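Subject: Structure handover

Hello,

Here is the structure you asked about. My notes on it follow below.

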Amino acid sequence: MATLTLRNLVKAYGKTEVLHSINLDIANGEFVVFVGPSGCGKSTTLRMIAGLEEVTSGEILIGDRVVNHLEPKARNIAMVFQNYAIYPHLSVRKNIGFGLRTSKMAKADKEKRIEEVAAILSMTEYLDRKPAQLSGGQRQRVAIGRAMVRDPSVFLFDEPLSNLDAQLRTQMRLEIKKLHQRVGTTIVFVTHDQVEAMTMADRIVIMKDGHIQQIGTPAEVFHKPANTFVAQFIGAPSMNMLDARWQGGALHLAGQALPAKLSLPDDTALTVGIRPDDLLVSPGPGVFSGTVSVLEPLGTQTLVYVDIGGREVIAQASGRTPPQLGAHVTLAADLDNMHLFDSTGKAIA
Amino acid sequence: MSDTQIKASADALMRQRSTYKPPRDPVQIIRWTLLAMGAIVMVMPIVYMLSASIKYPHEMFDLNIIPREPTFENYIYVLADGRFIQWFINSLIIATVTTISAVFFDALVGYTLCKFRFRGRYFIFIAILSTLMIPTEMLILPWYMMSLHFGWLNSYWGIMFPGLMTAFGTFLMKQFFETVPDDFLEAARIDGLNEFQIWWSVAMPLVTPALSALAIFIFLGNWTAFIWPLIVTTDSALYTLPVGLTTFSVEQSVQWELIMTGAALATIPTLMVFLLFQRYIIRGVAMAGLKG
């Protein structure tokens, strides 16, 4: 186990800078998830930590040792790849033991270690099978086993669940989380799936265009998003964003003046964010009213797409008594849970 | 329904089934006819070679496939003649060493050109490829001059050196290594293997089909090579089989039955090589370790 520090980390390909001064401190044993859309630089950061990409400038420290110029093998890290990357010509036993090939351990100790890891991953009975004889989830477990066997300081996971079906992904998510609780090794996990990030991470690093947008616990990034990007990226369905104006001591939103306590200059343009969970179809009076354009039943709730004066918002209704398509509905909003952003998209505290 | 009735109706059903013939598809008939014709064209020379190898000289130019008086005397004569065994061994050594060397170096260079980024990589690849455009006949003179100056005439090395690495093999292996995902190599790099170990123990097993195909091509090419071994050797003890077999034809006559017997014996190693490697060619191992 070790801490991991990124200091002013920059990556450029020729003159194109793709990562811009990344700073991050990861505590010993912490589970950190990098999340962001494709091309945001999360995998590049991970590959730089692994030593598979050169660092243009800045420093990477594992423990208190700068590892910028160390070979991947000298960094004492292990990585699980999106495509598993387990060797098809080797048995599960040899795949798991592959990381010990260069180790100076005695052969009996190596075998013992392989058996231990296989037992942790419930793969003991498959040790003599070839990867082609395993399911997707089992192959991913072999890949994790190969990473575990060396007892590395840091585990790196590069979108390891992307190729699994929804059910298996949920199961593996749980298994990885349990594994972390059991072995306690520092983990850096890259994903583009915000649900994975929210469910697994101790802290989430949200990235966009090579910049860190926010670092925080799942609760922090959900309840206190730093900007409109984070607000919309985290949470499903996405947060509703509405244009508003602070004028005459009231918040003018969707044609209504709502009372609010804000210390802003008069006539300030704002963006108001309301999560669909906080915008409910109400039988009584509400903040907005409009026509139901689409219904998405989810079982316990129904997502209701409502057209409010040419702007579509997502609200929630009971799964048992959803409104009719085309019906006129009023939407009640919990204004205390509203998120306010300035004209640059930055959150207003 | 009684047991007897059930049995009777089952029998009737079986009879119906056995007499049923699906309608013949004309396209299928044409396809099979063309394939059969192609097969006959391919197989006939081999059949005639085997037939001629068990004929007496006076029957040689009869076109009958089964000889009137079949004999194995030709085989006894050829095998008892020490020269044939010597040529066979020469061919075996030369084809085996050349195949091992060419497969090793072609795969090594192909992998390097495919998986490493370095200045001049593209230029080197084009330079290697461009040698494919030069006919062997044009290379024989420079090869001969080299052999003469370095003292390689009448030696195994002299026969083997032009084939120890091939441009075609390098090209083939480079293309095949493109199908090996970098994740495999990076995983091995993180696991602590050096670059040679990654090539040998991770990348090479993933391209077994290509290696097998290349090994067959190179072995057959060297086994049947004629012009260069003929030119570089004058000592009959160093002849390869194709060169040696020509000595069965003398100025006044050609001993076809002996040539055919030698040729029949010479096909045995090529058949063995093919049978040994062909199962690897059809086995696609590269993708099995990736997402399912």
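Which residue follows α6(B), and what is the sign of its phi? The residue is G151(B), and its phi is positive, near 75°. Please keep in mind throughout that this is a predicted model.

The helix before that glycine covers residues 136-150 of chain B. From its first C-alpha to its last, α6(B) reaches 20 Å over 15 residues, close to the 21 Å expected at 1.5 Å a residue. Is α6(B) buried or largely in the open? Of its 15 residues the number buried is one, so the helix lies largely in the open. As background, an α-helix has 3.6 residues a turn, so residues three or four places apart point the same way.

Chain B as a whole has 14 helices and zero strands. Read from the N terminus, its elements are therefore α throughout, with α6(B) as one of them. Of the 292 residues in chain B, 29% count as buried. Taking the contacts in chain B between residues at least 6 apart in sequence, 74% join residues at least 24 apart.

Chain A contains a sheet. Five of its strands make up an open sheet, with the order β13-β12-β11-β14-β20 and antiparallel pairing. The edges are β13 (256-259) and β20 (339-341) of chain A, each of which pairs on one side only. From one strand to the next, the twist averages 35°. In general, strands of a sheet pair through backbone hydrogen bonds, either parallel or antiparallel.

At the β13 edge, how many bridges join β12 of chain A to β13(A)? There are four, and the two strands run antiparallel. Strand β12 of chain A spans residues 250-253. One of the bridge pairs is A250(A) with P259(A), the latter lying in β13(A).

Last, the two chains touch. In chain A, 25 residues are in contact with 18 residues of chain B. On the chain A side, β6 (77-80) and α4 (136-148) each supply at least two residues. Which element gives the most to that side? That is β6(A), with three residues. By residue class, the side of chain A that touches chain B divides into 15 nonpolar, seven polar and three charged.

Regards

How values were computed
Residues numbered from 1 in each chain as written. Chains lettered and ligands numbered in written order. Predicted model: local features only at pLDDT ≥ 70, side-chain atom pairs only at ≥ 80, totals over all residues. Pairing = 2+ DSSP bridges. Axes fitted to C-alpha atoms, helices over the stretch in contact; angles between N-to-C directions. Contact = placed C-beta atoms within 7 Å. Nonpolar A, V, L, I, M, F, W, Y, C, P; charged D, E, K, R; others polar. Expected span 1.5 Å × (residues − 1). Buried ≥ 20, exposed ≤ 12 C-beta atoms within 10 Å, placed from the backbone.
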